Amino acid sequence: MRTLRIGAGSGFAGDRIEPAVELAEHGGLRYLVFECLAERTIALAQLAKRRDPEGGYDSLLAARMRAVLPACRRQGIRIVTNMGAANPVAAARRVAEVARNLGLQGLRVAAVTGDDVTDRLRGTDAALDEGGTVAALGNRLVSANAYIGARPIQEALAAGAEVVVTGRVADPALFLGPLLHEFGWAEDDWTRLGRGTLVGHLLECAGQVTGGYFADPGRKEVPDLARLGFPLAEVSEDGTATITKVPGSGGRVTPATVKEQLLYEVHDPARYLQPDVAADFSGVRVEALGEDAVRVSGGDGAPRTGSLKVSVGCHEGWFGEGQISYAGPGALARGRLALEIVRERLRLIGHEAEELRFDLIGVDSILGPDAGSGADGAPAPREVRARVIGRCHSPEEAERIGHEVDSLYLNGPASGGGVVKSVREVIGIRSCLIPEADARPGLTWVEA
Amino acid sequence: MILRDLAHARAGDKGDISCISVIARDPADYPRLEREVTVERVRAHFAGHLRGAVRRYALPGLGALNFVLEGALGGGVTRSLALDAHGKCLASRMLELPVSGDDGAAADGRLGEG
């Protein structure tokens, strides 16, 4: 049976670059996919594009392309990536420029457009999942980008693209596009579309299936994480696949690493809703084929819903934050006193915040009330870090939180140190659904 | 004995919803997970975080359970004031859940090859 090797060159915007080079050079790939677009990244990119019409795409785009294009061109590996973010056309131009500078003339780059539905949704009564409507966001609306499917990627590849640059596309669709193109799966072959989605889902977080985010010393050992190899799938025409990595790279691929990624951020495993298919992972089987090779079969699918999820970015004010440490005997009591003082100071100065939070890092900042009262016999911490954070309507108001923590140096409990304070804008992400016909994908071509 | 002796876990987020997998280290232990790691017990275990429903999906073929915790992330990753806004550490909190130690040999030392 015919097979196709497809690899994952990144799982998020800041991911390591060397494993992608390793895959391009030694993975025997036909396709290399870079997933770099988290929920909020595209809203931030939209803001960047407003400041600079040629900006708004991934800041590591050129570095990644410089690193892998020579090997990809040499071996005929085609690249698919969502690094276009808010500006796939400008990103495609940048890829072509990088290619020219590398002497790779004639490289054909396609930009997938049409996911940006901001203007179409602005002022409408589209219902947000969290309550309210898009219209009610008013001028707080930053962006609205639909998760489009694999078809435009398939079309770009069919028309000869060597690099396909998209904006918001459902992450698994970045992998499904090449599979559709190579295997010619029918638009209503729900089983194969479901299996292709499974392959994409397993690969989309890159190192998270090859032993990254898995190690737990003493329980789950993973060798050589500093040289973690990124995954590739050898996919058969029927959609079953083997997940593996380049021999000699760090990490490991086992049924356990595959299962953790299989369920990652999946709600109902029998209804993993995607623009192309409602994928069904409930009957999936995983089996070890040998060292660092796991066979995945039994994926299925049902007809797609006809709706697309839209990621809606909006201004949500400003975070102001301050932190200070206490150590040694009595650290816990001094940390608690510090928080009480800041709480009272913010009240005295008439500080206005939408929300405030007071944490003791090392005590209750992660587990919150579930951390227990501390009266359960656990030893007192030898160091704690007091943290105060609030969400405010202006940067000035947010800044006052850090000032109050800073002033603990001379006005607070004994021996506090290491103050850090910050102010940052909050871009929140909400979501809504639109009929799939409301997003109109298109292709723009650039040649090196 | 705690859940960590029998299972491994990974947490992810979508908006204000936390999704936590619980995977048997040895598939033979899966029936125990299904019996002991119930929606009611998980709800009580995360009482300090939860503001919404808890759903559980059973995957006997994988020897795994998948939990969906609504309203568990302080309004969602992008707006939450929490240090761990994604709730990534909640997977480790899940593994603190006490389980009965009356079923078979101690799991210590087994490597999770599932």
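**Exercise 1. Is A:E182 buried or exposed?** Work this out, then find the partner of its side chain and place both residues in chain A.

*Solution.* A word before the steps: this is a predicted model.

Step 1. The relative accessible area of A:E182 is 12%. The cut-off for buried is under 20%, so A:E182 is buried.

Step 2. Now look for the partner. A:E182 forms a salt bridge with A:R30, at 3.3 Å from N to O.

Step 3. Place the two residues. A:E182 sits in helix 8 (residues 173-183) of chain A, while A:R30 belongs to the loop between helix 1 (18-26) and strand 2 (31-34); the pair is 152 residues apart and links distant parts of the chain.

Step 4. Check the partner too. A:R30 has 39% relative accessibility and counts as partly exposed.

**Exercise 2. Find which residue A:R73 meets in a salt bridge, and describe the surroundings of both.**

*Solution.* Step 1. The partner is A:E162, with the closest N and O atoms 3.0 Å apart.

Step 2. Helix 3 (residues 61-75) of chain A holds A:R73, and the loop between helix 7 (151-158) and strand 6 (163-165) holds A:E162. With their positions 89 residues apart, this pair also links distant parts of the chain.

Step 3. Turn to accessibility. A:R73 is partly exposed at 29%, and A:E162 is partly exposed at 22%.

**Exercise 3. Examine the salt bridge of A:R357 with A:D359, then look for a salt-bridge network.**

*Solution.* Step 1. In this pair the closest N and O atoms are 3.0 Å apart.

Step 2. A:R357 is partly exposed, with 24% relative accessibility, whereas A:D359 is buried, with 3%.

Step 3. Now follow salt bridges that share partners. They join A:R140, A:E316, A:E355, A:R391, A:R430 and B:R79 into one network. Over all chains, the count of salt bridges comes to 34.

**Exercise 4. Describe how chain B and chain A touch.**

*Solution.* Step 1. Begin with the residues: chain B brings 44 to the contact and chain A brings 52.

Step 2. Next, the area. The two chains bury about 4,300 Å² between them, and 54% of it is on carbon and sulfur atoms. B:R10, B:R79 and B:L81 supply 21% of the area that chain B buries against chain A, more than any other three residues.

Step 3. Then the polar side of the contact. There are 4 salt bridges across the interface, and B:D5 forms a salt bridge with A:R219, the closest N and O atoms being 3.1 Å apart. The count of residue pairs in polar contact is 22.

Step 4. Ask which elements of chain B take part. Strand 1 (7-14), strand 2 (17-24), strand 3 (54-59) and strand 4 (64-69) each supply at least two residues of the side that touches chain A. Strand 1 gives the most, with 7 residues.

Step 5. Finish with the classes: that side of chain B has 18 nonpolar, 12 polar and 14 charged residues.

**Exercise 5. Outline the fold of each chain.**

*Solution.* Step 1. Chain A has 13 helices and 18 strands. Its radius of gyration is 24 Å, close to the 22 Å that the globule rule gives for 448 residues, so chain A is as compact as a globular protein of that length.

Step 2. The C-alpha trace of chain A spans about 70 × 55 × 45 Å along its principal axes, and 56% of the 448 residues count as buried.

Step 3. Chain B has 3 helices and 4 strands, in the order β-β-α-α-β-β-α from the N terminus on. Of its 114 residues, 59% count as buried.

**Exercise 6. Compare A:Y213 and A:S415, starting from their backbone angles.**

*Solution.* Step 1. Most residues other than glycine have a negative phi. A:Y213 has a positive phi of about 60° although it is not a glycine, and A:S415 has a positive phi of about 60° too.

Step 2. Locate them. A:Y213 lies in the loop between helix 9 (190-203) and strand 7 (231-236) of chain A, and A:S415 lies in the loop between helix 13 (408-411) and strand 17 (417-435).

Step 3. Compare exposure: A:Y213 is partly exposed at 44%, whereas A:S415 counts as exposed at 61%.

Definitions and conventions:
Residues numbered from 1 in each chain as written. Chains lettered and ligands numbered in written order. Predicted model: local features only at pLDDT ≥ 70, side-chain atom pairs only at ≥ 80, totals over all residues. Heavy atoms only, no water. Contact = heavy atoms within 4.5 Å. Buried area = accessible area lost by both parts, 1.4 Å probe. Salt bridge = Lys/Arg side-chain N within 4 Å of Asp/Glu carboxyl O. Polar contact = N/O pair within 3.5 Å; in protein donor to acceptor, adjacent residues only side chain to side chain. Nonpolar A, V, L, I, M, F, W, Y, C, P; charged D, E, K, R; others polar. Rg over C-alpha atoms; globule rule 2.2 N^0.38 Å. Buried < 20%, exposed > 50% of the residue type's maximum accessible area, 1.4 Å probe, protein only.
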